[in-house]
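Here is a short briefing on how two chains meet. The points below cover strand pairing, the contact surface and symmetry.

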Protein chains: 2
Amino acid sequence: MVHPVLINGDWIASSGTSTFQAANPSTQELLPGEFPVSPWSEIDTVLAAAADTARELRGMPGEKFAAFLESYADEIEKRTDDLVAAAHAETGLPVSPRLKDGELPRTTNQLRQAAAAARTGSWAAPTIDTATGIRSVLGPIGPVVVFGPNNFPFAFNGIAGGDFAAAIAAGNPVIAKGHSCHPETTRLFAEAAVAAIAATGMPKGLVQLIYRTSHEDGYKLVSDARIGAAGYTGARHTGLKLKEAADGAGKPIYLELSSINPVFVLAGALAERADAIAEEFTGSCLMGTGQFCTNPGLVVVPGGAAGEAFISSVVEKFTAAPVGTLLSSGVQKSLTDGFATLAAAGATLLTGGQPGGGTGVSFQNTLLQVSGAEFLKDPAVFQTEAFGNGSLFVVAEDASQMAAIAESLEGNLTGCIYSDTQGADDADYAVIESGLRTKVGRLLNDKMPTGVAVSAAMNHGGPFPATGHPGFTAVGMPTSSARFGMLYCYDNVRPDRLPAILQDKNPGDVWRRVDGAWSTADIL
Amino acid sequence: MVHPVLINGDWIASSGTSTFQAANPSTQELLPGEFPVSPWSEIDTVLAAAADTARELRGMPGEKFAAFLESYADEIEKRTDDLVAAAHAETGLPVSPRLKDGELPRTTNQLRQAAAAARTGSWAAPTIDTATGIRSVLGPIGPVVVFGPNNFPFAFNGIAGGDFAAAIAAGNPVIAKGHSCHPETTRLFAEAAVAAIAATGMPKGLVQLIYRTSHEDGYKLVSDARIGAAGYTGARHTGLKLKEAADGAGKPIYLELSSINPVFVLAGALAERADAIAEEFTGSCLMGTGQFCTNPGLVVVPGGAAGEAFISSVVEKFTAAPVGTLLSSGVQKSLTDGFATLAAAGATLLTGGQPGGGTGVSFQNTLLQVSGAEFLKDPAVFQTEAFGNGSLFVVAEDASQMAAIAESLEGNLTGCIYSDTQGADDADYAVIESGLRTKVGRLLNDKMPTGVAVSAAMNHGGPFPATGHPGFTAVGMPTSSARFGMLYCYDNVRPDRLPAILQDKNPGDVWRRVDGAWSTADIL
């Protein structure tokens with residue numbers, strides 16, 4: 001039996017003629033569930049329902065969305081064991097602590113933070129100018145299509161993750177496009193969503209799910225007139241094709257594409273605590289078999305004995321560490337290709353370099369090395385992403401070469417600088433930071449980039465090609481919801497016709513910018 | 001003699017081989033100044049200087065940008081007579097009150113509001129999470145290219161207008177691309193900018209000016225790696241080509257394209273005050289010879305005697321009103337084409353319809369009419385923009401047809417609803433508002449759209465194709481500066497390395513979001 005798709009609240013047999021199955025990356029065997037590839041006619045029905053739902057949602061108070069998001073978090077928790085088992089089978093990620101104790105609680109926590117943002121309207125930046133009678137606030141942008149990635153089957157899932165939560169909190173219906181590698185996980189989320197919709201009396205089309213489309217239909221989907229915006233996290237090539245389609249139709253699309261997350265280790269840091277940094281880097285780079293968006297894929301170290309000793313120590317740790325299972329054969333292939341490109345460009349292999357070494361789909365923990373001078377001859381090729389358990393060392397001559405390397409980088413999600421805690425590197429830090437700052441969304445000191453806190457101050461974003469727009473974050477509440485809002489301005493609109501959040505009486509404890517000052521007070 | 005271009009603080013003879021002259025639309029004669037078309041090699045030099053300047057500006061306190069913007073406003077005021085004379089000659093817009101008493105003070109006021117935004121950092125939304133040690137703030141996105149339109153030679157000029165002020169307040173250098181129809185006005189602004197740069201000790205490359213490029217070089221300019229973002233206000237066709245180029249390179253581009261600014265007049269409003277509304281509409285639609293981005297180009301009225309009487313009254317006023325001068329023969333041509341398209345689609349001409357009737361380049365005050373049913377058969381063609389002194393009446397059968405018309409609209413900057421002040425139309429209002437709200441950036445009640453206050457609550461923006469992204473406004477401080485910021489996040493960054501605006505001690509009276517609450521206090 002082929003699993004049905006979720007259209008406007010009903011599980012409906014797909015009209016598509018082709019199907020697919022996910023594979024278990026640990027056993028390399030196909031998993032039993034068969035899932036449909038939806039044809040355009042089906043996607044068109046989904047779009048029509050989303051447009052109707054968006055109309056139905058207009059003016060609905062944030063409290064309703066909050067109740068749904070909280071109920072959904074509860075329904076997910078009820079299904080913890082099934083979700084964890086499905087995601088483990090489909091992605092090879094460890095059950096514990098990763099899936100059960102890390103990613104699932106993060107996901108429900110994120111949904112509850114989104115509920116708070118919806119309830120208080122804190123995402124919507126209400127702005128009131130009493131002198132001119134003009135008031136404005138962010139409101140729903142329209143139906144949002146979310147394409148989730150494979151590396152976080154819960155926390156970034158198109159039907160449960162960050163983009164989903166942000167879009168719902170902003171008052172929009174979501175069309176989730178499941179990732180082809182973990183359809184059963186996604187299906188279980190959809191069941192929880194249906195239960196939460198019923199429990200909270202929300203419109204049936206609030207959350208819809210299709211599992212797969214042709215590439216062409218994906219482009220049509222993100223550029224359809226009925227869509228408000230799209231979110232995509234995944235491979236660069238596909239993301240850029242979707243961006244081209246959405247851009248052509250004037251539809252915002254928020255992308256999270258590739259990022260190699262450079263780490264600069266300054267001489268003073270090595271002199272002070274080389275072993276600790278080697279340990280920390282190894283943990284960060286091999287965590288989740290290196291399949292984090294913020295995995296440190298480029299490490300710039302000073303030349304000379306200290307740098308060499310640091311590299312040797314990391315090589316030793318990588319060689320000794322167990323090799324994890326990769327998410328899919330596709331990840332294995334692109335990792336193989338990525339390392340091959342780096343090697344062909346002149347990087348020296350220090351350890352690893354071959355497929356295998358772990359359970360199922362895997363690739364040896366791998367390190368390569370290139371000189372700063374070589375790197376600067378062709379910065380583009382040495383920034384080739386090798387997404388997985390490996391990294392490239394760049395051995396720089398001095399801080400000014402490190403700064404030049406920083407200046408040569410593409411946009412990244414993160415950049416780290418480790419320096420002497422007593423300030424011995426401060427002059428070098430200033431030079432390197434100046435170059436690095438504009439290339440990364442999040443700058444870290446003395447800390448690896450792989451933890452991404454769900455915080456209002458987080459920026460999980462950065463300049464192109466890390467994302468499609470450097471002004472937005474994909475993680476963090478209430479900030480990530482701004483991506484799915486349009487600015488609704490009211491000019492001379494009669495007081496009783498204003499949305500509650502813009503009326504003189506503050507409808508709760510909403511922070512509003514009134515005549516230039518932020519306040520939770522009523523307007524007198 | 002061909003006027004030089006402004007590159008990195010110096011007036012340099014252009015290396016281009018072709019030149020152009022502006023025309024006086026009132027006399028239809030060429031104006032004396034000869035201006036260069038800059039070749040790519042020259043644009044490349046400008047880009048290199050902009051990139052160097054952006055590096056030099058990094059970390060510079062907002063106070064410096066504020067001082068420059070204020071000095072620039074002063075320098076502009078010193079040149080008022082020359083600017084007004086030049087703009088009058090180049091655009092045909094009246095000297096007074098329009099240019100001298102309206103647009104020029106608006107422009108310097110806007111620069112001074114931008115200065116305040118830069119000084120206080122109020123545009124940058126600093127956000128601090130003390131629990132995680134994560135802090136973030138908007139900072140400069142990189143060099144900004146601004147293409148200004150012809151209809152506001154001061155307030156939207158690429159070297160002095162809204163986008164310019166917003167980009168500088170955000171800490172970016174600006175490359176201004178002057179509008180080909182008013183180069184002398186733009187040149188005079190550049191002289192004022194050079195004086196202000198000198199007076200405030202800012203880097204010489206803060207403001208650069210080129211007058212014209214080939215189309216291809218324009219596309220290269222907005223997609224160049226050294227650019228942070230672009231702003232464009234003007235014709236849809238050109239804007240979409242620039243958008244395609246910028247999008248392909250992952251560079252944000254903020255567009256303000258076409259908008260027909262629908263006005264819905266409900267039955268109760270006509271019963272109550274038809275004459276006043278006819279008067280108000282006529283004033284708004286003919287102001288500036290109809291060449292406002294927010295000019296009301298579509299008026300939906302109820303059928304029957306009251307609607308017919310209202311239309312007749314407006315026709316009378318349009319026929320009697322003097323015909324203004326248009327900005328250029330290009331505007332005259334596109335206006336002619338726009339009306340021709342509407343007529344060919346089936347709209348009936350009520351008055352006007354022919355070129356001429358005023359001084360110089362002009363077109364008769366024109367009104368057309370179509371039924372709601374006809375409109376709904378082909379909403380796209382009846383939304384053809386006719387930019388200038390004319391409008392299309394749509395005679396609707398009832399409120400539900402009005403709502404259907406609202407739902408059929410493309411994105412617009414504004415939408416107005418006039419209704420009975422005692423509430424007789426309130427049920428109809430609710431239905432029409434629901435459809436119209438998502439199609440317009442600014443919703444007005446009982447007021448024409450042509451005034452655009454420079455207010456923090458203003459949205460001069462809207463869904464595509466009115467603009468390229470519905471979340472941003474092009475007018476209003478500090479809000480419009482967000483378009484030219486990227487989100488800089490600091491994670492575990494040592495306290496003394498944070499920008500002043502994110503340090504525990506509040507550097508002034510900056511509003512910051514600290515642990516979810518907005519405050520101007522220090523962090524203890």
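In this predicted model, strand E21 of chain A and strand E20 of chain B (residues 440–445) run parallel. They are joined by 3 bridges. One residue pairing can be named: Asp491(A) has Leu444(B) in E20(B) as its bridge partner.

**Contact surface**

- The contact between the chains involves 56 residues of chain A and 56 residues of chain B.
- On the chain A side, five elements are listed as giving two or more residues each: strands E7 (127–129), E8 (134–140), E20 (440–445) and E21 (485–491), plus helix H15 (426–437).
- E21(A) supplies the largest share of that side, with 7 residues.
- By class, the side of chain A that touches chain B holds 25 nonpolar residues, 19 polar and 12 charged.

**Symmetry**

- Chain A superposes on chain B after a rotation of 180°.
- The shift along the rotation axis is 0.0 Å, and the RMSD is 0.0 Å.
- The two copies are therefore related as by a two-fold rotation axis.
- Which C-alpha of chain A is nearest the axis? That of Trp518(A), which lies 3.0 Å from the axis.
- Both copies use the same surface. Of the contact residues of chain A, 100% recur in chain B.

How values were computed
Residues numbered from 1 in each chain as written. Chains lettered and ligands numbered in written order. Predicted model: local features only at pLDDT ≥ 70, side-chain atom pairs only at ≥ 80, totals over all residues. Contact = placed C-beta atoms within 7 Å. Helix = DSSP H or I, 4+ residues; strand = E, 2+ residues; numbered from the N terminus. Nonpolar A, V, L, I, M, F, W, Y, C, P; charged D, E, K, R; others polar. Pairing = 2+ DSSP bridges. Least-squares fit on C-alpha atoms with pLDDT ≥ 70 in both.
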